[in-house]
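User: I'd like to go through this one with you, a bit at a time. Let's get it on screen.

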Amino acid sequence: MTQILVSSCLLGCAVRYNGTDVEVYNSDFDWLVETQEIVPLCPEVAAGLPIPRAPAEISGGNGADILAGAARVIGSEKKDLTDQFLLGAKLALKLCRRHNIRYAVLTENSPSCGSGYIYDGSFSGKKIVGVGVVSALLEKSGIQVFSQHTVGILRELIGSS
Ligand code: SF4
């Protein structure tokens with residue numbers, strides 16, 4: 001059994017900015033939850049952000065740029081939330097280290113958890129290719145990040161190991 005970090009909102013927890021969870025329709029994800037040891041986390045809530053909270057997007061780049069100090073996380077009310085998002089990422093990495101976790105399945109499109117796409121910072125609904133702050137830090141630290149859409153690749157990896 002492999003330990004996997006999973007975004008809480010994929011597991012039925014209503015922790016998103018608007019107080020909802022994320023529905024997942026993917027048999028590979030169901031397989032993962034039923035057969036592996038799941039370690040749930042919402043990095044934003046772990047960092048002390050409330051539910052509900054203002055939506056936030058990365059302005060000026062993606063999660064890797066946040067780690068480099070070259071972009072900021074901005075809330076829809078124009079508040080700079082970069083420090084809280086960085087704290088959430090550090091707490092996620094700490095949890096992975098504590099449990100010796102090598103794989104994560106995180107929610108696509110989130111400024112924290114996105115691993116393929118994020119919103120572009122304009123709050124217009126436009127997405128760009130990029131990673132969130134948590135995904136950037138985990139990947140940089142050697143932890144492979146998948147989304148609810150790419151979890152089948154992880155299933156193949158675990159199944160063949
Ligand atoms: S996407 Fe990540 S940070 Fe956002 S609610 Fe889900 S677990 Fe929390």
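Analyst: Quick bit of vocabulary before we start: helices here are DSSP runs of H or I with at least four residues, strands are runs of E with at least two, and both are numbered from the N terminus. Bear in mind that this is a predicted model.

User: OK, where does Lys 78 lie?

Analyst: Lys 78 isn't a glycine, yet its phi is positive, about 75 degrees. Most residues other than glycine have a negative phi. As for its place in the chain, Lys 78 is in the loop between β4 (72–75) and α4.

User: Does it count as buried or exposed, this Lys 78?

Analyst: The cut-off for exposed is over 50% relative accessible area. Lys 78 has 69% relative accessibility, so the label is exposed.

User: Phe 123 also has a positive phi. What is its relative accessible area?

Analyst: Its phi is near 55 degrees, and Phe 123 belongs to the loop between β6 (117–119) and β7 (127–129). Partly exposed is the band between the buried limit of 20% and the exposed limit of 50%. Phe 123 falls in that band because its relative accessible area is 33%.

User: Which residues does a cis peptide bond join?

Analyst: Most peptide bonds are trans. Here, though, there's a cis one with omega of about -5 degrees, and its proline, Pro 52, sits in the loop between α2 and β3. The pair it joins is Ile 51 and Pro 52.

User: On to pockets. What volume does the largest pocket have?

Analyst: Its lining takes in 36 residues, with Tyr 17, Glu 44, Pro 55, Ala 56 and Pro 111 nearest the centre. Elements giving two or more residues to that lining are α2 (43–46), β3 (56–59) and α4 (82–99). The volume comes out at about 690 Å³.

User: How many charged residues are in the lining of the largest pocket?

Analyst: Split by class, the lining has 18 nonpolar and eleven polar residues. The count of charged ones is seven.

User: What about the core: which element gives the most to it?

Analyst: The largest nonpolar core holds 28 residues, and Leu 5, Val 73, Leu 106, Val 133 and Leu 138 touch the most other members. Two or more residues come from each of β2 (37–41), β3, α4, β5 (103–106) and α5 (133–140). Apart from this core lies another, of 16 residues, including Cys 9, Cys 42, Val 105 and Val 151. Back in the largest core, the top contributor, with seven residues, is α4.

User: Phe 146 next. Which strand does it lie in?

Analyst: Phe 146 has 6% relative accessibility, which means it counts as buried. Its contacts beyond four places in sequence include Tyr 103, Ala 104, Val 105 and Leu 106. The C-alpha atoms of Phe 146 and Val 105 are 4.7 Å apart, though 41 residues separate them along the chain. The strand holding Phe 146 is β8.

User: Is Ser 115 buried, exposed or partly exposed?

Analyst: Ser 115 is in the loop between β5 and β6, and it touches Glu 108, Gly 130 and Phe 146, among others. Its relative accessibility is 23%, so Ser 115 counts as partly exposed.

User: How far is the backbone nitrogen of Glu 108 from a polar atom of the side chain of Gln 148?

Analyst: Gln 148 is in the loop between β8 and α6 (151–159), and it counts as buried because its relative accessibility is 6%. Among its contacts are Leu 10, Val 22, Leu 106 and Glu 108. The distance from that Glu 108 nitrogen to the Gln 148 side chain is 2.9 Å.

User: Last one: which residue's backbone nitrogen does the side chain of Ser 8 reach?

Analyst: Ser 8 lies in the loop between β1 (3–7) and α1 (27–35), and at 9% relative accessibility it counts as buried. Its contacts further along the chain are Cys 13, Val 15, Pro 40, Leu 41 and Cys 42, leaving aside neighbours within four places. The nitrogen its side chain reaches, at 3.1 Å, is that of Cys 42.

Definitions and conventions: Residues numbered from 1 in each chain as written. Predicted model: local features only at pLDDT ≥ 70, side-chain atom pairs only at ≥ 80, totals over all residues. Heavy atoms only, no water. Buried < 20%, exposed > 50% of the residue type's maximum accessible area, 1.4 Å probe, protein only. Polar contact = N/O pair within 3.5 Å; in protein donor to acceptor, adjacent residues only side chain to side chain. Contact = heavy atoms within 4.5 Å. 1 Å grid on protein atoms, 1.4 Å probe; cavity = no way out; pocket = protein on both sides within 12 Å on 5 of 7 lines; lining within 4 Å. Points joined across faces, edges and corners; volume = space filled by probe spheres on them. Nonpolar A, V, L, I, M, F, W, Y, C, P; charged D, E, K, R; others polar. Core = buried A, V, L, I, M, F, W, Y, C linked by side-chain atoms within 4.5 Å.
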